[in-house]
Each structure stands twice: as C-alpha cells, then as structure tokens.
Amino acid sequence: MATRPSQFEENLLCPVCRDIYRDPVLLLCSHSFCWACLDQYWELSGSQICPVCRTDFCMDRPPCNRALKNLCEIFLQERSKTASAEAELFCSVHGEKLQLFCVEDEHLVCSVCANDDMHVEHTCRPVDEAAVAFKEVLKTSLKPLQENHKILKLEKFICNQRVKHIKNQAEQTEAHIKKEFEQLRQFLHDEEAARITALKEEEEQKRKLLEEQMMRINSELLSLEERMRITEEEIETDNISFLLTYKGPPESSQCTSPCPEKLPEVLINVAKHLGNLKFKVWQKMKAAAQYIPVVLDPNTAHPCLHLSDNLSNVRFGQWSRQALGYTDKHEGYTSVLGSEGFSSGIHYWDVEVGDNTTWALGVISESAIQTRDNLPSSGLWRLGFHNGTYGQSCSGELLTSLPVKQKVQRVRVQLDWDEGQVSFFNPLTDTHLHTFKHTFSEKVFPYFCNVCPSQALQILPVEMAPAGLEVKNLSALTSKIESK
C-alpha cells in the first residue's frame, strides 16, 4: 500500500503530471511545471497560458527554476539511498529480515539462511550481540591509535614550538651579528678617523714650517729690494750730484752673498700613512679582538643556565622555557657543553670561577652526552667545588674530596687527547690540582656546571689558539708532578 506523500514531497510534484519535477521551468505567475508537460499542454490548448491560473505567458520559453531543480535532485538522491538501505535490511534470497550475523562468513543472514546447509554448522549470533562484540574489539584496537595520536599531537606541538624557537634564535643571532659587525665598523671608522687626523696634523705641522720659512724669505726679499731701489736711484742721478753724495758701495754689497739655506724636509710621509695600511689595521684589530678557546653551545644548555651574547659566560638563574632541548627534563645537573668537540691534539681553556660556591669543570664523551643530566656511568671527567670542599670524579661517581691548600679563583682545564690525560691547574699559582688518565676512543666536549646564582663561570680569552709554548710548559709541569 502506497503511503501518502508528505507536504514537502507534495511541493516537489508537478501539477500536470503529478510526478517529481523534470527540468522545471518558472512562469511569470510564479507557478512551476515540467517543461515537457508545459510544452505538451500549450500544444494541445493552442495558447501559451498557465495550466493552473490561465495567465498568459508572452515569452518564447520560460526560464529554468534552478532552485526547484536542485531540490528535486537532492530529494531523488536521498530517496534512492533510503530505498537501497531498506533493501539491504532484507535477505535478497528469502526476503526475510537480516537478524543474525555469521561469524565464520562475516556477513548478515536471515533465520532461513541460518538453517541452510551453508550455515548450519556456523556460529550465527544476533546482530546486536555480534555488533557489541566487534565494537569491543575495535575499541581495543582504538587505544594504541589514540596513544599514537597523542604522541603525534605532542610531537606536532613540539615542532611548532621549535619553529617559533628557531625563529626567535635566528632573530636574536641576527641581532648579535649586526651588533658585532657594527662594532667592527665602528672600530674601522674610528681607526680611519684617527689616521686621517694624524695625516691632517702632519700636513698642518709641515705647512707651518713652510710658512715660517716663507716669512723669513719674504723679509729678506723686502730688505734686498729696498737696497736695490736705493742703489738704482743713486745711479740715475746726475754725475755732479752723484759724486757729491757718493760714499762708496754699501757694506752689504761689498760682502759676498751667502748661499741660500737648504729647505727642511717638510713633505708628507706618505709611506708611513699608506704602507701596509690594511695589515697594520688588521694587527690592531686582532689585538683588540678577543679569542675565546671554547665557545659554549646554547642548544646544550640547561634551562636554568643563561649564556652571554658572546657565548663565553654562563650564569645560573630562573628556568627558561625557550630551552626546547629540555622539554621533558625537569631535573638534572645544570650543565652546558662546548660547541666543538676534540678528537686529537692538546687543548686548554681557563675559567674564572671567582667566589662561585658550586661548580664543576671538565670534559664529557660524545656517547655520554645524552645521559649527562643524570650523571652517566662513564665518560665524564670533572673537578668541582661544593659546600666549601674541592673534589674530583670520573663517570657517575660523586665528587671525591681533593686536598687543595689555597682557594682557587681560576681553573685551567688541559686536555691531551692523544696521551689520554685531562689535567686541572691553578694558572695564577702554577699549581697542579689533579689529572685523569684514560685512553680516549671518541670525541670529547668541554663540560661546565654552575649552580651558583651569584657568580658566573667566565671562559677567559687568550691571545692565540691553544697551541704553543704555554701548553708545552703545562705538559712538562704535569710530567714533573707525576714523576714525584
């Protein structure tokens, strides 16, 4: 028995064919019809009038009612889906409702199918029971997906934070680079101004000497010109007057004229100002610039450590949220590493510890870096100071008390990778503090730990790269101490 169409469906029926609109058109009187129905009606009636209200239509063809056409298409699609879904609820063979689920074949069956030979030995469970069981299986498999989803979301968050952090790092680094080059430009500008000033001063000095010489020459010229004028006037007078007044030649004219004095060397010393100019400026710049033997790596710094702009000073302070390398690390030793590791040769660096109450210095192996916050079981050689006591340790051991007679204000860390030695000295008193011996097989990095908020650790600059006489003297001192 056909069901009565709803009001919505009634609005989608053509008044002529009483079926869903096909290619609906709109008349001026606002009535809509299928174009085929309207065209057939006009042909039979012999006039273009509305089949409902009989209103004349003066155009050749009415416009398409696109809104009504879209509604009809959507309605037909939904009705088709509903019909197919209802058809799927019934067995295509027996026409019975699908109320059971065959576990072996994994599809819905009706009660008649369950008794057939095909499914008689199969397990057929009610639809609701089977659905609940399989949903539980899906829930179980959903948990690892949810865990992975959380992990990926966290990684995405960390990536986003690191993008912001990288941008911030780039901006800060760019600002520091500009600052450093501005200082270099200012140095060159000042040096240029100083050298130009020196040139102008020499020019002024030489010019004054020449002016003084010219004034003396002008004075002598005037005197000679006056004498010449007087003599010429005497020569021009008549003979009687000349002889009456003639007293003989002037004394000055009787003397032999002296040779003119040699002009002093008052030229600009161009060679002094231009000779090796770039080299001299470079030497002066080199003397003014500082070489730091170890540069701290901010990417390895604990969030509580704050580095100076030139990466030679480390200070303990408040937690910094910008240290993304420590996103999941809230404890551990507040340490930072050098930016460059060593795998050969002799290297040393001096650190000003001053009145720092808790510090540690040394080297750490590349393999031990990942666990340095919890003190690695091997690969860390350090000398430190805590609770008024000096100590030394290797790997994950606690500091072993070390007898030090005099308070240490400065510590020199010397690494001899080839000989397998890490030595510590007090460079102010040339005192050897301690030496570790180990056969290194991998790269090691400088290690700095600071837990004192009132005193920073400062890596001191040197005049040249750490190689030369001073290092040899330290090696000789180490050998001399060990031989005792």
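1. Arg-412 stands opposite Phe-425 of β15. The strands β14 (410–416) and β15 (421–426) run antiparallel and are joined by 5 bridges. As with everything below, this is read from a predicted model.

2. β14 and β15 belong to an open sheet of 7 strands, paired antiparallel in the order β6-β7-β18-β9-β14-β15-β16. At its edges are β6 (305–307) and β16, each of which pairs on one side only. From one strand to the next, the twist averages 20 degrees.

3. The largest nonpolar core comprises 33 residues. Those with the most contacts inside this core are Trp-349, Trp-359, Leu-361, Val-411, Val-422, Phe-424 and Phe-448. Two or more residues of the core come from each of β9 (346–352), β10 (359–365), β11 (380–386), β14, β15, β16 (431–437), β17 (444–450) and β18 (457–459). Of these contributors, β9, β14, β15, β16 and β18 also appear in the strand order given in point 2.

4. Another core, of 18 residues, lies apart from the largest one. Leu-27, Cys-34, Cys-37 and Leu-68 are among its members.

5. On the surface, Leu-199, Ile-268, Val-270 and Leu-274 make a nonpolar patch of about 320 Å². Ile-268 sits in the loop between α7 (251–254) and α8 (270–274).

6. Why does Ile-268 count as partly exposed? Its relative accessibility is 31%, and the partly exposed class lies between the cut-offs of under 20% for buried and over 50% for exposed. Patch membership requires over 30% relative accessible area, so the 31% of Ile-268 meets that cut-off.

Conventions. Residues are numbered from 1 along each chain as its sequence is written. This is a predicted model: local features need pLDDT of at least 70, side-chain atom pairs count only at pLDDT 80 or more; totals for chains, interfaces and linings use all residues. Side-chain values use heavy atoms; hydrogens and water are left out. Patches are made of residues with over 30% relative accessible area and no salt bridge: like charges are joined within 9 Å, nonpolar side chains (Val, Leu, Ile, Met, Phe, Trp, Tyr) within 5 Å. Accessible areas come from the Shrake-Rupley method with a 1.4 Å probe; for residues, only the protein chains shown count as cover. A salt bridge is a side-chain nitrogen of Lys or Arg within 4 Å of a carboxyl oxygen of Asp or Glu. Helices (H or I, at least four residues) and strands (E, at least two) are DSSP runs, numbered from the N terminus. Buried means under 20% relative accessible area, exposed over 50%, partly exposed in between (1.4 Å probe, protein chains only). A nonpolar core is a set of buried Ala, Val, Leu, Ile, Met, Phe, Trp, Tyr and Cys residues joined through side-chain atoms within 4.5 Å. Two strands pair if DSSP finds at least two bridges between them. Axes are lines fitted to C-alpha atoms, for helices over the stretch in contact, and angles run from 0 to 180 degrees between N-to-C directions.
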